[in-house]
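Hi,

Here is the structure I promised to pass on. Have a look at it first, and my notes follow below.

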Amino acid sequence: TITTQPTAKREKSGSTTTFDIAATTSGGALHYQWKDDGANVGTDSSSYTTATLTLGDNASEIYCVVSDDNGSTTSSVVTLNRSE
């Protein structure tokens, strides 16, 4: 069960930002797969720090698939917007 969803971010080009999630399990260890516009990113961690942001990162959709021995659940999709 996801107990804390990631939140949308607005960051400047040239910076990084971190997304966090919290979840509980009823069966085995938790595993995390972060997604950026559907592509796998990050590590098997409850947080994901982006690479240095560029113009191409504007309006990226970020979410996380959390799994354990009983299956998986997907977080809310949040937007990463680039600001000046």
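Strand 8 (residues 60-68) is a good place to begin: 7 of its 9 residues are buried, so this strand is largely enclosed by the rest of the structure. Please keep in mind that this is a predicted model.

What does strand 8 pair with? Strand 5 (residues 31-36) runs antiparallel to strand 8, and 6 bridges join the two. Within this pairing, Tyr 32 has Val 66 of strand 8 as its bridge partner. Strand 10 (residues 78-83) also pairs with strand 8 in the antiparallel sense, over 3 bridges. Here Ser 60 is matched with Leu 80 of strand 10 as its bridge partner. Strand 9 (residues 71-74) is antiparallel to strand 8 as well, with 4 bridges between them. The two form a hairpin, with 2 residues between strand 8 and strand 9. In that pair, Asp 68 stands opposite Gly 71 of strand 9.

Next, a loop residue. Thr 17 sits in the loop between strand 2 (9-12) and strand 3 (18-20). Is Thr 17 buried or exposed? Its relative accessibility is 5%, and because the cut-off for buried is under 20%, Thr 17 counts as buried. Leaving aside residues up to four places away in sequence, Thr 17 touches Lys 9, Glu 11, Tyr 48, Thr 49, Thr 50 and Leu 80. Among these, Glu 11 also makes a polar contact of 3.4 Å with Thr 17, side chain to side chain. Leu 80 is the residue already mentioned as the bridge partner of Ser 60.

Finally, two backbone angles to look at when you go through the torsions. Most residues other than glycine have a negative phi. Asp 37, although not a glycine, has a positive phi of about 50°. Asp 37 lies in the loop between strand 5 and strand 6 (39-41). With a relative accessible area of 51%, Asp 37 is exposed, because the cut-off for exposed is over 50%. Ala 59 is not a glycine either, and its phi is positive, near 70°. The place of Ala 59 is the loop between strand 7 (47-49) and strand 8. Ala 59 has a relative accessible area of 42%, so this residue is partly exposed.

That is what I have for now. Happy to talk it over whenever suits you.

Best wishes

Methods
Residues numbered from 1 in each chain as written. Predicted model: local features only at pLDDT ≥ 70, side-chain atom pairs only at ≥ 80, totals over all residues. Heavy atoms only, no water. Buried < 20%, exposed > 50% of the residue type's maximum accessible area, 1.4 Å probe, protein only. Polar contact = N/O pair within 3.5 Å; in protein donor to acceptor, adjacent residues only side chain to side chain. Contact = heavy atoms within 4.5 Å. Pairing = 2+ DSSP bridges.
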